[in-house]
Every structure is written in C-alpha cells, then in structure tokens.
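User: I would like a close look at the nonpolar interior of this protein. Please cover what packs there and how the rest of the model is arranged around that part.

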Amino acid sequence: CRGWYLLRLLGHTNVQVLDGGWRKWLAESRPVCTQPEVAVNTTPYVARLDKALWADYDDVKGSLASSQTGSGATLLDVRDLVEWEGHSSSPYGVNFAPRMGRLVGAKHIEWYDFMEPTAHADVHVFKQPEAIRQLLKERAGLATVDPIILYCFKGARAANSLAALKAAGFENVRVYFASWNEWSRVIGAAIDEAKVGAPPPPKDD
C-alpha cells in the first residue's frame, strides 16, 4: 500500500489497491500473464503534491501543541504492540532507533487490526468499512470527520492503515511518513518513554 500512497500523494487519483494482493489473486486461480509488458498511450505527467495526505515533523509538533487545547489532530500509532509498549524501537531490531516509546498523547491500533484472514493460508484482506469504523470508535474514540495523523516507523504500515481508513470513509487523514524513524532521532522531541506491559520473551539463538 505504500506504492498506492505515494502515487496518490504525487497527484495520481485513479489508483487502487488489490485487496489481498498477489497471493489472493493466485490462490483464487485468476488469470496471469508472463509476457513482457509493453507501455502504450503514454502521456506527460507533472507531479502535484497532495498536502491533504502528508504530515511532516512540524505538522506533528504543531498538532501536539494544539492537542492541549483540543484542536489538534489525533495521532494514531499503528506500530506493532512491542514498539508501542516501549520494548523495541523498530521492526528492524530492538535498538535500531535511538529511543523507544510513543508520541505523547497518541492512540494505538495495530495496523493488522484493520485486516482479517481469509480461507487462504497467509492471505489477509481489509475488514469491512463498518467494522473499521467501529474499531476506530471503540479503540480511539474517532469518527469519520475527525482529523487524524497516522504514524509507524517509516510509513509502510501507516500507508496500509490509510488505505483501510479511506475505504471506511475517513477523509481527514494524513500520514507522518518519516514517522518514528525521524521523531526518535530528533534531540528534544517529546516522547512518552514509559514501559507498558511485559517485555517480550527473548528469542532462541
């Protein structure tokens, strides 16, 4: 979904996500082609940044300041639980980033909670829009009209979550693309570093 997000961000509006991806397509024995693709009917393209989908460090910092008066966007952390709880800095290793924790005041819903399994092994699809809306309401107190900024570690899981939220009718949603990979490295950036829950068991050698 990160590819879908980047295309939308750069102004391509006619872009869709194949729900379930290539694995689901193959599992359902749908037709495939093995011939080299030939581009036809090419047209000039000028990128136009859709700022309604983008949030940077300053946007998040401003939202944190505004949240004290109730006017800021809700920060929605979609990282894995071990990262949210402050026991790992990234999906690439416990100490890959310099700091662990979460953005101050952020809500948390793991990115894969927006998805559900299918009858095919290792194939997941997005939950139905109503189920996603209910999940946001129950877990984060959010409705489709609320401003939201999604973040993860470097944009991939947030982009996946954006696709789910857009399908469910959430329109005022942006992605902090640099996410925790940037925020954790900025000296002085506010972080809630409290450990939550029990640390994960050590992995076998």
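Analyst: What follows starts with the overall layout, goes on to the interior, and ends with the charged pairs and the surface.

The model is predicted, not determined by experiment. Its secondary structure amounts to seven helices and seven strands. Read from the N terminus, the order of elements is α-α-β-α-β-α-β-β-β-α-β-α-β-α. The radius of gyration is 19 Å, close to the 17 Å that the globule rule gives for 205 residues, so the protein is as compact as a globular protein of that length. Along the principal axes, the C-alpha atoms fill a box of roughly 55 × 45 × 35 Å. Of the 205 residues, 37% are buried. Among contacts with a separation of 6 or more, 73% are between residues 24 or more positions apart.

Now the interior itself. The largest nonpolar core has 30 residues, and those with the most contacts inside it are Y5, F114, L136, L150 and L165. At least two residues of this core come from each of α1, α5, β6 (148-151), α6 and β7. Helix α6 supplies the largest share, six residues.

F114 deserves a closer look. Setting aside residues up to four places away in sequence, F114 touches V78, I109, V125, F126, K127, I132, L135, L136, S161, A164 and L165. Two of these partners, L136 and L165, are also on the list of core residues with the most contacts.

Next to F114 in sequence is D113, found in the loop between β3 (107-108) and β4 (115-117). D113 counts as buried because its relative accessibility is 19%, and buried means under 20%. Apart from neighbours within four places in sequence, D113 is in contact with K127, L135 and R139. K127 and L135 are touched by F114 as well.

A second, separate core has 18 residues, including A55, I149, Y176 and A189. A189 lies in the segment after α7 (179-183). With a relative accessibility of 5%, A189 counts as buried. Beyond residues up to four places away in sequence, A189 touches Y57, R99 and W183. The C-alpha atoms of A189 and Y92 are separated by 22 Å, the two residues being 97 apart along the chain.

Charged pairs come next. Side chains of opposite charge can pair when their charged atoms come close. The structure holds ten salt bridges. In one of them, R157 pairs with E83, with 2.7 Å between the closest N and O atoms. R157 lies in helix α6 (residues 156-167) and E83 in helix α4 (residues 81-84), so this pair ties together parts that are 74 residues apart in sequence. Both R157 and E83 are buried. Helix α6 therefore holds a residue of this pair and also supplies the largest share of the 30-residue core.

Another salt bridge joins the side chains of D59 and R174, at 3.9 Å from N to O. D59 is in helix α3 (residues 57-67) and R174 in strand β7 (residues 173-176), so the pair ties together parts that are 115 residues apart in sequence. D59 counts as partly exposed at 28% relative accessibility, and R174 is partly exposed with a relative accessible area of 22%. Strand β7 is also one of the elements that supply at least two residues of the largest core.

Within helix α5, the side chains of R133 and E130 meet in a salt bridge with an N to O distance of 3.1 Å. R133 and E130 are three residues apart in helix α5 (residues 129-140), and are therefore separated by about one helical turn. R133 is partly exposed at 30% relative accessibility, and E130 is partly exposed at 47%. Elsewhere, salt bridges that share partners join K24, E28 and R30 into one network.

Finally, the surface. The accessible surface of the protein comes to about 12000 Å², and 54% of this belongs to carbon and sulfur atoms. L10, Y45 and L49 form a nonpolar patch on the surface, with about 280 Å² of accessible area together. L10 is found in the loop between α1 (2-9) and α2 (21-27), and counts as partly exposed at 38% relative accessibility.

How values were computed
Residues are numbered from 1 along each chain as its sequence is written. This is a predicted model: local features need pLDDT of at least 70, side-chain atom pairs count only at pLDDT 80 or more; totals for chains, interfaces and linings use all residues. Side-chain values use heavy atoms; hydrogens and water are left out. Patches are made of residues with over 30% relative accessible area and no salt bridge: like charges are joined within 9 Å, nonpolar side chains (Val, Leu, Ile, Met, Phe, Trp, Tyr) within 5 Å. Accessible areas come from the Shrake-Rupley method with a 1.4 Å probe; for residues, only the protein chains shown count as cover. A salt bridge is a side-chain nitrogen of Lys or Arg within 4 Å of a carboxyl oxygen of Asp or Glu. Helices (H or I, at least four residues) and strands (E, at least two) are DSSP runs, numbered from the N terminus. Buried means under 20% relative accessible area, exposed over 50%, partly exposed in between (1.4 Å probe, protein chains only). A nonpolar core is a set of buried Ala, Val, Leu, Ile, Met, Phe, Trp, Tyr and Cys residues joined through side-chain atoms within 4.5 Å. Contact means heavy atoms within 4.5 Å. The radius of gyration is taken over C-alpha atoms; the globule rule is 2.2 Å times the number of residues to the power 0.38.
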